[in-house]
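Good morning, colleagues. Please take a moment to look at the sequence and the model before I begin.

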Amino acid sequence: MARFLDWWRREERCARLMKALLLALLPVACCVAYCAAQGHWIGDVYLPNSEWNDELFYYKQVEGILSHGYPQGYFGFNESHALKLSFAAWSPVLVFPWVVWGLLFGWNLMSPVVCNIVVMSLCCFLYVWLVGPSWKQLGVTALLFGLYNNFARYMLSGMPEVLCFAMVILFYALAVNYLRRKKDYKIIVLFLMACVMTLMRPYLALFLLLPSWFLIRRGGSPLGKWLGALGSLLILGATFGIYACVKHYLGAEYLTPLFFTDWLEAFPEQGFLGGLRFTVEKLWAKGVEYIAYAKQGIRAVNTTGAIYAGYLICLIVLASQSVEEWASRRRGRKEPGGCTAVRNHLTFCFLVMLPALFLMYKTIEGGRHLLTFMAAAVFLIPLMAARFHIRAACLGIAFAYLYIYRAVEPYDYQVAYVQEERRACLEEWGEVFSEELALDEKDTPNYENVVIWAQSDSVEDAPVYTAWQLLYALPEGFGISCCTREYVTENMETLKSRYLFAPLGGEIEQGCEEAGYERLYSDGGMALFELR
């Protein structure tokens, strides 16, 4: 007992525990404040009232995993499906924390939200325990966390972005801990975390580079460093190989390419110089477009532009610190605390993600992929040794302006709260689905267990969008195929799925009647058809 007490007192673990518990309460407090500002409570969050349709796919896929091991019907787009099993275009590894949560506590419409909050709270606790920030650093971290409103917004959603936030923050916390107390097992854990993160989002492969650097430096002798480099290359190759298999076998084809590769295709088509010219021109054009969005995010309400502007500000803060630390090392001074390599890695990631965004994503859609890196910056910038409070103050002002003052776009910042009308509709359709739909458990997954969600239809020459939120009421195990109106109308007599959910009174309903399909139910706005 005396030895334990000495260990506890020597490392000031009592104070660290207090800091960890305080920071762990922060995500809950931010979510309560976010909801209260909109006149609600966390318990009022209701995913079927959200306009973010990705949440439906994530939720129902996890539900299918928990109820049957994997969804019994295909998730896909225009009736695409994975070569193996039944997942949509995104890696199922992305939602593994939700699966664990569902196994432990069950799965319902509040489960993703509660899990997100708990994961973020646990992340904050472990961050403090691993890093041991001072009270001043802790206060600045808490302030930036609260001002970076995307933490609370995504915790209060059915999106898995918070899971990525937590993984990256814990990765850096362990890396800082390793630099202060170097133990080989920490490098192994960092590699494992980076591998999982890569399987969650492919661009997070950037995080494999930091433990590779640690392993090479750990080698000591030239031979040891070469062996470390070889081991790192093998791990990198294995991770990319596993990701390629997951993407090839477990990913359904999306409506549009997930990544644009025209700049790569330009090299064999136009030669090296032609491909290089094409790539540079695309980088320049997308860079100009990016800056235009960032300016718009500062001047007016533009969520994508606000993300791009905030990302640039974070990059400037990180890069200025890296330059200052480089100048200090040239003068023979080193930063206390051993965080330089970690922050330099984050700065590198910020820099690399920009050309990756320009080359492989649509400018209007790529902002969400930058949120994770900004979340990591919130936790690393307060650890700066030199005048960190000035940089943190500048960043805090920018966050307050961009993500609180300008955060008024309902689609992006209005949390989905329960509405009795929507809940009643969901209960009505839940009864219909349970009566009319029955899982075919032979040779699963199959199209017998798939409901087509027609994105929209033309009713009296006006577009009418499907109330896809009602598909939350589908029985456990059913798959959903998100299909465009053109695909449905052009392939009406050859659709493979058994059921179709679409608006009434439009071209799709007319096509179903002409093909002799039965309308199982309608509520005056939406209708369920059986395509057999």
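Let me start with terms: two strands pair if DSSP finds at least two bridges between them. Helices (H or I, at least four residues) and strands (E, at least two) are DSSP runs, numbered from the N terminus. This is a predicted model, in which local features need pLDDT of at least 70 and side-chain atom pairs count only at pLDDT 80 or more, while totals for chains, interfaces and linings use all residues. Residues are numbered from 1 along each chain as its sequence is written, and side-chain values use heavy atoms, with hydrogens and water left out.

I begin with a hairpin. Strand 3 (residues 456-459) and strand 4 (residues 462-465) pair in the antiparallel sense over 4 bridges, and Val459 stands opposite Ala462. The hairpin has 2 residues between its strands, and Glu460 in the turn has a positive phi of about 55°.

Is Ser456, in strand 3, buried or exposed? Ser456 is buried, because its relative accessible area is 16%, and buried means under 20% (1.4 Å probe, protein chains only). Ser456 touches Val464, Tyr465, Thr466, Arg485 and Ile508, leaving aside residues up to four places away in sequence; contact here means heavy atoms within 4.5 Å.

I turn now to the sheet. An open sheet is formed by 6 strands in the order 1-5-2-6-8-7, with mixed pairing. Its edge strands, strand 1 (76-77) and strand 7 (518-522), each pair on one side only. Helix 3 (residues 54-68) packs on this sheet and touches strand 1, strand 2 (450-454) and strand 5 (479-483). The direction of helix 3 makes about 160° with that of strand 5; such angles run from 0 to 180 degrees between N-to-C directions, with axes fitted to C-alpha atoms, for helices over the stretch in contact. At the other edge, strand 7 runs antiparallel to strand 8 (residues 526-530), joined by 4 bridges, and Tyr521 stands opposite Leu528.

Finally, the interior spaces. On a 1 Å grid over the protein atoms alone, a cavity is a set of points where a 1.4 Å probe fits but cannot get out, and lining residues have an atom within 4 Å of a point. A volume is the space filled by probe spheres set on the points, which are joined across faces, edges and corners. The structure holds 2 cavities of 30 Å³ or more, and the largest has a volume of about 60 Å³. Its lining includes Tyr58, Phe87 and Trp90.

Methods: Buried means under 20% relative accessible area, exposed over 50%, partly exposed in between (1.4 Å probe, protein chains only). On a 1 Å grid over the protein atoms alone, a cavity is a set of points where a 1.4 Å probe fits but cannot get out, and a pocket is an open set with protein on both sides within 12 Å along at least five of seven lines; lining residues have an atom within 4 Å of a point.
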